[in-house]
Amino acid sequence: MTERWSPRRLVAAALAAAFALPIGVLVVRAFADAWRAPAVIPQRWGLRGLREALSGMALDAFANSLIVAIVVTVVAVALAWPAARVLGERRLRHPALPFLVLALPLLVPSYATGAGLTQWFLRLGLVDALPGLALAHLVIVLPYVTVVLLSAFGPPVTALEEMACSQGLTALQRLRWVTLPAVRPSLAAAVLLGFLVSWSEYGSSLAVGGGRPMLPLVLLPFVRSDPQVASALSLLFLAPAVAALVLAARAARSPL
Amino acid sequence: MLLGGALAGALRTSVTRVEGDGETVTLAAWRMLLRDPAFADAVLFTVRIAVLATAFSAAAALLVALTLRRRGTPLRALAALPVPVPHLLVAVVAVLWLAPGGLAERLLGALPVDLVRDRAGVGIVLVYVYKEAPFLALLLLAAMGRGMLEREEAAAVLGATRWQRLRWVVWPTVRGPLVVGCIVVAAFVLGAFEVPLAVGPNAPLMLAEYAQQATQNDLLVGESLQAAALLVAAAASIVLAVAAVRLAKDPQGD
């Protein structure tokens, strides 16, 4: 077999095609004003899909989804940090129960979580409000962030921190110059995962949102009724996910 | 605390009926639910889809991980590309490719079976396999690491065949992460909502779809039915997780 068709290149080509072909069709469909079967190439190109997608609630939905995803990710990392630290450094004598409680939201359908929370949020005036949506998403995002983050903590980070302490660094300096750089890859992965889970969350948004537009809720009805608008909205849906992936990949390069 | 509140809220709703100014405690919703043949169909359909999607994802992930275990970061990154893509977006892609009159039919001619909105739920399974197999493969590749390759080489030097190396070196290394990953995937599929709404059949329904329809079909007890159905889905996830952990335990206690 020649170098041109080496197994490595064949595997790479197959993997790249498995991703690029399905997603690439989204781009084509979003700009195809007429694409009737059995044609393989669109009969007419145009911007109807984008115009229709952006003329409705999509921009409000985009903003709502983005605000909720960013707030939830920040709060989840702040809450997960101490829990991940304690679990990762194995400071608990019996870690199984706290870990189980922490991971339980992964097993409960998000629509169930949202529907259950709605009963309390109605009394608190949190239904149809961004804080309510953020709280509902937080229940689902927190375990993902904690599980990813706890892999960062352990004896190597503790040893580095002790070394820094012996050199006279303050707690803030240790966090800035030692801990954050040491856990950066896991932190970046946790932030990425937290953002993506909240960004694509459907069930709890439907239950708690009370009709407030969120991007997945706005997109779904178009899947059956108008594939071109659905494709245009999908590109809008994909953009922040890709941006978050690129930012996380850049941030993950640990200097330590 | 929030999850406990949510489950308590769902339980309370499932046994409460609003009458006039007050509320009464009743098991009417649970009785209706258990007598409804559509609910039994939804439970069976949901469990079947979850088991199939998880099994196929695990098999595909094992295959990908075994192929890529000696490969570098670029190939692994390529394999992981579907991970950040939202499920709903993959469902949109599935409709564009696999629905009647979709791109697959235009390129290959009529497909022998319906793959989108079919009664067997093939479309739902395909969407989850495309999304979850790379996620599981990442977990397996992280578990395999350099240590396993060295153990495999040592076993080969001692004369172990390819099958023996798979059975006694690779499988014990990946079994734990694979079970954990499969539990997460199965639980995710048991609560599936937007994917079956996009590519699933009108009947039978997945449990989350059934719960949503209950609120639209019955204004009096709809919310109680919804809460009860979702509690069943949550219970099914937890039971499946416990069963998977027990099954995966080594007879020697490892």
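A salt bridge here is a side-chain nitrogen of Lys or Arg within 4 Å of a carboxyl oxygen of Asp or Glu. Let us start with one of these in chain B: the side chains of Arg165(B) and Glu152(B) meet in a salt bridge, with 4.0 Å from N to O. Since Arg165(B) lies in helix H8 of chain B and Glu152(B) in helix H7 of chain B, the pair ties together parts that are 13 residues apart in sequence. The helices (H or I, at least four residues) and strands (E, at least two) named here are DSSP runs, numbered from the N terminus. Glu152(B) counts as buried because its relative accessibility is 4%; buried means under 20% relative accessible area, exposed over 50%, and partly exposed in between, with a 1.4 Å probe and protein chains only.

Before going on, here is what you are looking at. This is a predicted model, in which local features need pLDDT of at least 70 and side-chain atom pairs count only at pLDDT 80 or more, while totals for chains, interfaces and linings use all residues. Residues are numbered from 1 along each chain as its sequence is written, chains are lettered from A and ligands numbered from 1 in the order in which they are written, and side-chain values use heavy atoms, with hydrogens and water left out.

How many salt bridges are there over all chains? A search of the whole structure finds 6. Side chains of opposite charge can pair when their charged atoms come close. In chain A, Asp226(A) pairs with Arg48(A), and their closest N and O atoms are 3.0 Å apart. This salt bridge links distant parts of the chain: Asp226(A) is in the loop between helix H10 (215-225) and H11 of chain A, and Arg48(A) is in helix H2 (residues 48-55) of chain A, 178 residues apart. Asp226(A) counts as buried because its relative accessibility is 16%, whereas Arg48(A), at 27%, counts as partly exposed.

Another salt bridge joins the side chains of Asp128(A) and Arg212(A), at 3.5 Å from N to O. Asp128(A) lies in the loop between helix H5 (110-124) and helix H6 (130-150) of chain A, and Arg212(A) in the loop between helix H9 (203-209) and H10 of chain A, so the pair ties together parts that are 84 residues apart in sequence. Asp128(A) is partly exposed, with a relative accessible area of 35%, and Arg212(A) counts as partly exposed at 27% relative accessibility.

Now for the rings. A pair of aromatic rings is described by the distance of the centres and the angle of the planes. Rings of Phe, Tyr and Trp (its six-membered ring) pair if their centres lie within 6.5 Å; planes under 30 degrees apart count as stacked, over 60 as edge-to-face and the rest as tilted. The structure holds 8 aromatic pairs over all chains. One of them is the tilted pair of Trp199(A) and Phe237(A), with 5.9 Å centre to centre and 35° between the planes. Trp199(A) lies in helix H8 (residues 171-199) of chain A and Phe237(A) in helix H11 (residues 227-251) of chain A, so the pair ties together parts that are 38 residues apart in sequence. Trp199(A) and Phe237(A) are both buried.

In chain B, Tyr128(B) and Phe188(B) form an edge-to-face pair, 6.5 Å centre to centre with 70° between the planes. Tyr128(B) belongs to helix H7 (residues 122-157) of chain B and Phe188(B) to helix H8 (residues 162-190) of chain B, so far along the chain that 60 residues separate them. Tyr128(B) is buried, with a relative accessible area of 1%, while Phe188(B) counts as partly exposed at 34% relative accessibility. Back in chain A, ring pairs link Phe62(A), Phe195(A), Trp199(A) and Phe237(A) into a cluster.Finally, look for enclosed spaces. On a 1 Å grid over the protein atoms alone, a cavity is a set of points where a 1.4 Å probe fits but cannot get out, and lining residues have an atom within 4 Å of a point. Grid points are joined across faces, edges and corners, and a volume is the space filled by probe spheres set on the points. The search finds 2 cavities of 30 Å³ or more, and the largest has a volume of about 40 Å³. Its lining includes Leu98(B), Pro100(B) and Glu105(B).

Key:
On a 1 Å grid over the protein atoms alone, a cavity is a set of points where a 1.4 Å probe fits but cannot get out, and a pocket is an open set with protein on both sides within 12 Å along at least five of seven lines; lining residues have an atom within 4 Å of a point.
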